[in-house]
Amino acid sequence: MPATPPDRWLDLDTLLAELLAQQRISPACARPWPQAANEPTHPLERIARRGLNDLQRPGHTLDLDALGEWLGRQAGQRHVRIDPLALQAASLGGLMSAAFARRHQILAIAVDAHTVTVASAQPYVRSWERDLGQVLQRRVQRVLASPVQIRELSQAVFRLAHSVSGASQQAVPGPKAPASRHCLTWATAQATSMPTRRTSSASSTGCCSTPSSSAPAISTSSRAATRATCACASTACCTRPTSSRRQ
């Protein structure tokens, strides 16, 4: 069996140098910048927040999706956008601990009898693969995903998995628990609907477009429709319990 290469965490300087070498950004945009106090630590997020113009796609910026596709080709890993509706939180949350997932910036997004699919925001960190595969007795299939999605969905998955586990240990007669994926969708919508600030001090160099939020806006009607999918009346899943009082 070939030796596993040492872990290599993504860093801002290397990514900027690679983007410059492939003529995706100008030399003026390739100069690293100090990290602000409220800025995320993942280098892809930091680059996306700058709103750098993509020289290979005039009129487009290097947002998280574009950077993810580019990095996936660099690392030889498929880039995916995780569908919250496809996640079965109750089963996925038990495949690894929240601390393990957070430490390696990973999240299990699918599992069957032979394979577990794991989304990662660090394509060159591989030390966790062997341990996880041995524990689960399954082949690990890696994909690359947005660090924002992995972080927000991890919180929702492990919170709901913990709630389901606690409910099963204290089971009492009553209505059937709601499908976890509906509550997961609602929880994810709450997280992704929060505005994301983006700094654009590089705009004076001409390498940035007009700054805007790097997270897609969610309309009021979309949020309302998403809340409607959560039929749960339990405060463990939803922050808005259903009133039992007759109107």
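## Ala 119 and its surroundings

Ala 119 is found in strand E2. The model is predicted. Ala 119 has a relative accessible area of 0%, so it is buried. Leaving out residues up to four places away in sequence, Ala 119 touches Ile 82, Gln 105, Ile 106, Leu 107, Ile 109, Val 143, Ala 145 and Ile 150. Gln 149 lies 30 residues from Ala 119 along the chain, yet their C-alpha atoms are separated by 9.7 Å.

### The nonpolar cores

Ile 82 is one of the residues that Ala 119 touches. Seen from its own side, Ile 82 touches Leu 87, Ile 109, Ala 119, Ala 145, Gln 149, Ile 150 and Leu 153, again without residues up to four places away in sequence.

Where does Ile 82 rank among the residues of the largest nonpolar core? Ile 82, Met 96 and Trp 128 are those with the most contacts inside that core, which has 29 residues. Several elements give two or more residues to this core: H4, helix H5 (98-104), strand E1 (106-111), strand E2 (115-120), helix H6 (127-136), strand E3 (139-144) and helix H7 (147-169). H7 gives the most, with five residues. Another core lies apart from this one. That other core has 23 residues, among them Leu 62, Leu 67, Trp 70 and Tyr 124. A general tendency fits here: in soluble globular proteins, nonpolar side chains tend to be buried together.

### Helix H1

Helix H1 covers residues 12-21. Which of its residues are buried? Leu 12, Leu 15, Leu 16 and Leu 19 are. Down the axis of H1, the buried residues fall within an arc of 100 degrees, so they line one face of the helix. The general rule is simple: an α-helix has 3.6 residues a turn, so residues three or four places apart point the same way. Helix H2 (43-50) and H3 are included in what covers the buried residues of H1.

Both ends of H1 have a detail to look at. At the start, a side-chain oxygen of Asp 11 reaches to within 3.3 Å of the backbone nitrogen of Asp 13. After H1 comes Gln 23, and its phi is positive, near 60 degrees.

### His 79 in a loop

Now look at the loop between helix H3 (64-75) and helix H4 (89-92), where His 79 lies. Is His 79 buried or exposed? His 79 is at 15% relative accessibility, so it counts as buried. Its side chain and that of Glu 69 are joined by a polar contact of 3.5 Å. Neighbours within four places in sequence aside, His 79 is in contact with Asp 65, Gly 68, Glu 69, Leu 144, Ala 145 and Ser 146. Ala 145 also appears in the contacts of Ala 119 and in those of Ile 82.

### Salt bridges

Side chains of opposite charge can pair when their charged atoms come close. How many salt bridges does a search of the whole structure find? The search finds six. The table gives some of them.

| Acidic partner | Basic partner | N to O distance |
|---|---|---|
| Glu 39 | Arg 46 | 3.3 Å |
| Asp 54 | Arg 57 | 2.8 Å |
| Glu 129 | Arg 142 | 2.8 Å |

Take the pairs in turn. Glu 39 and Arg 46 are both buried. Asp 54 has a relative accessible area of 2%, so it is buried. Its partner Arg 57 has a relative accessible area of 30%, so Arg 57 is partly exposed.

Glu 129 and Arg 142 meet in a salt bridge. This pair links distant parts of the chain, with Glu 129 in helix H6 and Arg 142 in strand E3, 13 residues apart. Glu 129 counts as partly exposed because its relative accessibility is 22%. Arg 142 is buried, with a relative accessible area of 13%. Elsewhere, salt bridges that share partners join Arg 24, Asp 54 and Arg 57 into one network.

### Confidence in the model

The mean pLDDT of the protein chain is 76. A pLDDT of 70 or more is reached by 65% of the residues. Over residues 174-183 the pLDDT is below 50, and this stretch has 16 contacts in the model beyond near neighbours in sequence. Over residues 210-247 the pLDDT is also below 50. Beyond near neighbours in sequence, residues 210-247 have 39 contacts in the model.

Notes
Residues numbered from 1 in each chain as written. Predicted model: local features only at pLDDT ≥ 70, side-chain atom pairs only at ≥ 80, totals over all residues. Heavy atoms only, no water. Helix = DSSP H or I, 4+ residues; strand = E, 2+ residues; numbered from the N terminus. Buried < 20%, exposed > 50% of the residue type's maximum accessible area, 1.4 Å probe, protein only. Polar contact = N/O pair within 3.5 Å; in protein donor to acceptor, adjacent residues only side chain to side chain. Contact = heavy atoms within 4.5 Å. Arc of directions from axis to C-beta. pLDDT = per-residue confidence, 0-100. Core = buried A, V, L, I, M, F, W, Y, C linked by side-chain atoms within 4.5 Å. Salt bridge = Lys/Arg side-chain N within 4 Å of Asp/Glu carboxyl O.
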